[in-house]
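This is a walk through one protein structure for a reader who has not met it before. Please keep the sequence and the 3D view at hand while reading.

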Amino acid sequence: MANHLFEHARSYLDRDLEERVAYVRASRWIGHQVAQHAHRRLEDLLSRPPSLRTQGLMLVGPYANGKTMIAERFAVEHLRRSPEQRIWMIQTREGAGLGHFYGSILQGLRAPGSDFHNVGRRAEQLDHLLATLKPGMLIFDEFHNALRGRTRDVEAIFAFLRRIGRQYDISPVLIGEVAVYDFINATSEMASRFDFFAVPRWQYGEEYLMLLDSLEAALPLRKASDLSDERLARRIFDLSEGLIGETVAIVTKAVIAAISSGAERVTKAGLDELRYVPISQRRNAALRESLL
């Protein structure tokens with residue numbers, strides 16, 4: 001019975017509807033090949049010998065393609081096996097200038113707030129924290145947010161990234177969209193300090209079909225859906241536009257609909273009933289037109 005499911009997912013078949021739906025909606029790690037390779041690159045960066053000129057890493061790809069989850073999973077796994085926290089995740093704030101950027105780091109380091117307008121005071125507080133905590137890696141999520149200001153502000157942020165390597169032996173990891181790649185590679189000085197790792201859109205092929213098989217095995221439906229069947233797989237791929245975040249969202253919605261309706265399997269008709277609009281078409285969606 002339900003041999004298409006992983007054992008831990010099979011155990012949810014006997015739960016009530018609310019518990020099953022909550023389990024389906026929960027975030028889950030998908031250890032695909034690109035993610036595993038990214039983790040190896042991050043581990044190499046963290047385990048390097050001390051250096052006065054540390055190397056950083058750019059993790060670049062389109063929105064909704066799993067970059068943040070890759071970094072968060074790496075940070076959590078390291079924290080589980082390390083006696084001290086050496087990796088800190090920084091959510092880069094929207095807004096221009098060093099004040100916003102320093103504020104992002106202070107918040108990520110769980111420091112009390114300081115005067116936003118006094119950049120010097122924030123810099124002193126930040127230096128004290130870095131000297132005390134001794135992080136080995138700072139991961140800046142959505143780093144493209146820091147690149148929207150004036151040229152001199154961006155240059156100051158880049159100077160800070162160089163300084164923390166020289167002064168505190170910290171490797172910066174920059175997560176973001178293609179703008180991060182463009183800005184870093186605009187000068188040889190920054191390009192020489194950051195390696196590049198791409199998290200591209202998925203191509204339709206065997207790896208994508210394996211991803212769908214893994215998702216199906218992890219989500220508790222009583223009947224096999226055969227998500228990797230050509231008709232279903234092509235439909236999911238077209239709707240997702242090759243983005244893993246969109247793929248998971250589509251399959252999650254379809255599974256919840258199948259549980260709620262009692263169908264207990266995902267079908268092409270069920271996918272069509274979702275009326276899921278791909279990201280690239282949402283600006284022209286019928287719903288938007290009806291609001292005008």
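The paragraphs below deal with one strand and its partners, and then with salt bridges.

The model is predicted. A convenient place to start is strand β1, which spans residues 56–60. This strand is mostly covered, as five of its five residues are buried. Its residues point in two directions: Gly-56, Met-58 and Val-60 go one way, while Leu-57 and Leu-59 go the other. Residues pointing either way from β1 are buried.

Strand β1 has pairing partners. One of them is strand β5, residues 194–198, which pairs with β1 in the parallel sense over five bridges. To find this contact in the view, look for Gly-56, which stands opposite Phe-194 in β5. Strand β4, residues 171–176, also runs parallel to β1, and four bridges join the two. Here Leu-57 stands opposite Val-173 in β4.

Next come the salt bridges. The structure holds 13 of them. One is formed by Glu-264 and Arg-20, whose closest N and O atoms are 2.9 Å apart. This pair links distant parts of the chain, with the two positions 244 residues apart in numbering. Glu-264 lies in the loop between α12 (244–261) and α13 (268–273), whereas Arg-20 belongs to helix α2, residues 17–25. Are the two partners buried or exposed? Glu-264 has a relative accessible area of 9%, so it counts as buried. Arg-20 is also buried, because its relative accessible area is 4%; the cut-off for buried is under 20%. Arg-20 and Glu-264 are further linked with Arg-222 in a network of salt bridges.

Another salt bridge joins Glu-230 to Arg-234, with the closest N and O atoms 3.2 Å apart. Where do these two residues sit relative to each other? Both are in helix α11, residues 230–240, and because they are four residues apart, about one helical turn separates them. Glu-230 is partly exposed, with a relative accessible area of 44%. Arg-234 is partly exposed as well, at 37%.

Helix α11 also contributes Arg-235 to a link with a distant part of the chain, namely Asp-272 in helix α13, 37 residues apart. Asp-272 and Arg-235 form a salt bridge in which the closest N and O atoms are 3.1 Å apart. Asp-272 is partly exposed, having a relative accessible area of 34%. Arg-235 is likewise partly exposed, and its value is 29%.

Conventions
Residues are numbered from 1 along each chain as its sequence is written. This is a predicted model: local features need pLDDT of at least 70, side-chain atom pairs count only at pLDDT 80 or more; totals for chains, interfaces and linings use all residues. Side-chain values use heavy atoms; hydrogens and water are left out. Buried means under 20% relative accessible area, exposed over 50%, partly exposed in between (1.4 Å probe, protein chains only). Two strands pair if DSSP finds at least two bridges between them. A salt bridge is a side-chain nitrogen of Lys or Arg within 4 Å of a carboxyl oxygen of Asp or Glu.
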